[in-house]
Amino acid sequence: MADIAALDRELNEMILAGDALEAFEKFYAEECVMQDQGFDPWVGKATNRDREKDFFSKLTEVRAFELTHSAVGDHISFSVWNNDYTHEEWGEMKYTQVAVRHWNDDGKVVKERFYRG
């Protein structure tokens, strides 16, 4: 079984280093499902890859993507992020977000859901 704590830590470190798209390729399963609060789920790695690329391509200024807390359980991890950025479509965005990741035995994220506070 995969060491979820180590994998989640590496994933978060890549995001913090500005390598979120590379982290997505490395850690997400082909059948991954992602969902943001208030939206229907996005199904499949290709769909989520396109969505991630679109999001990052439209960031005009990043003031913070800050990891404040994380925890790991049995096939699940939680990360609390403070996000502060400007997006060309949405304008200035500042919020706290919790990412809940479900991992398979192979060490890949199969489901991720985001909650905003």
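A nonpolar core is a set of buried Ala, Val, Leu, Ile, Met, Phe, Trp, Tyr and Cys residues joined through side-chain atoms within 4.5 Å. In this predicted model, the largest such core has 16 residues, of which Leu11, Phe27, Tyr28 and Trp103 touch the most other members. This briefing covers the cores, the helix packing and a set of individual residues in the strands and in one loop.

**Nonpolar cores**

- Helices H1 and H2 and strands S1 (28-36), S5 (91-103) and S6 (109-116) are the elements that give two or more residues to the largest core.
- Helix H1 supplies the largest share of this core, namely four residues.
- A second core, separate from the largest one, consists of five residues, among them Phe55, Leu59, Tyr85 and Tyr95.
- Trp103, one of the core residues that touch the most other members, has contacts beyond its neighbours within four places in sequence with Ile4, Leu7, Asp8, Leu11 and Phe27. The same list for Trp103 also holds His75, Ile76, Ser77, Lys108, Val109 and Val110.

**Packing of H1 against H2**

- Helix H1 spans residues 4-16 and helix H2 spans residues 20-27; their axes lie 7 Å apart, at an angle of about 155 degrees.
- Because angles over 145 degrees count as roughly antiparallel, H1 and H2 are roughly antiparallel to each other.
- The two helices, H1 and H2, cross in a right-handed sense.
- On the H1 side, the contact is formed by Leu7, Glu10, Leu11, Met14 and Ile15, and on the H2 side by Ala20, Glu22, Ala23, Lys26 and Phe27.
- Seven nonpolar and three charged residues make up the contact of H1 with H2, with no polar residues.

**Packing of H2 against H3**

- Helix H3 covers residues 45-57, and its axis is 10 Å from that of H2, at a packing angle of about 170 degrees.
- H2 and H3 are therefore roughly antiparallel to each other.
- From H2, the residues Ala20, Leu21, Phe24 and Glu25 meet Lys45, Asn48, Arg49, Glu52, Lys53 and Phe56 of H3.
- The contact of H2 with H3 comprises four nonpolar residues, one polar residue and five charged residues.
- Ala20 takes part in the contact of H2 with H1 and also in the contact of H2 with H3.

**Met93 and Arg116**

- Met93 belongs to strand S5 and, at 19% relative accessibility, counts as buried, the limit for that class being under 20%.
- Apart from neighbours within four places in sequence, Met93 contacts Arg63, Asn83, Asp84, Tyr85 and Arg116.
- Arg63 is 30 residues away from Met93 along the chain, and the C-alpha atoms of these two residues are separated by 9.9 Å.
- Arg116 is placed in strand S6 and counts as partly exposed, at 32% relative accessibility.
- With neighbours within four places in sequence left aside, Arg116 is in contact with Asp36, Gln37, Met93, Tyr95, Thr96 and Gln97.
- A separation of 9.4 Å is found between the C-alpha atoms of Arg116 and Trp81, which are 35 residues apart along the chain.

**Ser77 and His75**

- Ser77 lies in strand S4 and, with 0% relative accessibility, counts as buried.
- Beyond neighbours within four places in sequence, the contacts of Ser77 are Asp8, Ala71, Val72, Ala99, Val100, Arg101 and Trp103.
- The C-alpha atoms of Ser77 and Ala99 are 8.0 Å apart, although 22 residues separate them along the chain.
- His75 sits in the loop between strand S3 (59-73) and strand S4 (76-87).
- His75 is not a glycine, yet its phi is positive, at about 65 degrees.
- The relative accessible area of His75 is 22%, which means that this residue is partly exposed.
- Both His75 and Ser77 appear among the contacts of Trp103.

**Glu66**

- Glu66 is located in strand S3 and is partly exposed, with a relative accessible area of 40%.
- Aside from neighbours within four places in sequence, Glu66 is in contact with Leu16, Val80, Trp81 and Asn82.
- Ile15 is 51 residues from Glu66 along the chain, and the C-alpha atoms of this pair are separated by 9.5 Å.

Methods. Residues numbered from 1 in each chain as written. Predicted model: local features only at pLDDT ≥ 70, side-chain atom pairs only at ≥ 80, totals over all residues. Heavy atoms only, no water. Axes fitted to C-alpha atoms, helices over the stretch in contact; angles between N-to-C directions. Parallel < 35°, antiparallel > 145°, perpendicular 65-115°, else oblique. Left-handed = near helix turned anticlockwise from the far one by under 90°. Contact = heavy atoms within 4.5 Å. Nonpolar A, V, L, I, M, F, W, Y, C, P; charged D, E, K, R; others polar. Buried < 20%, exposed > 50% of the residue type's maximum accessible area, 1.4 Å probe, protein only.
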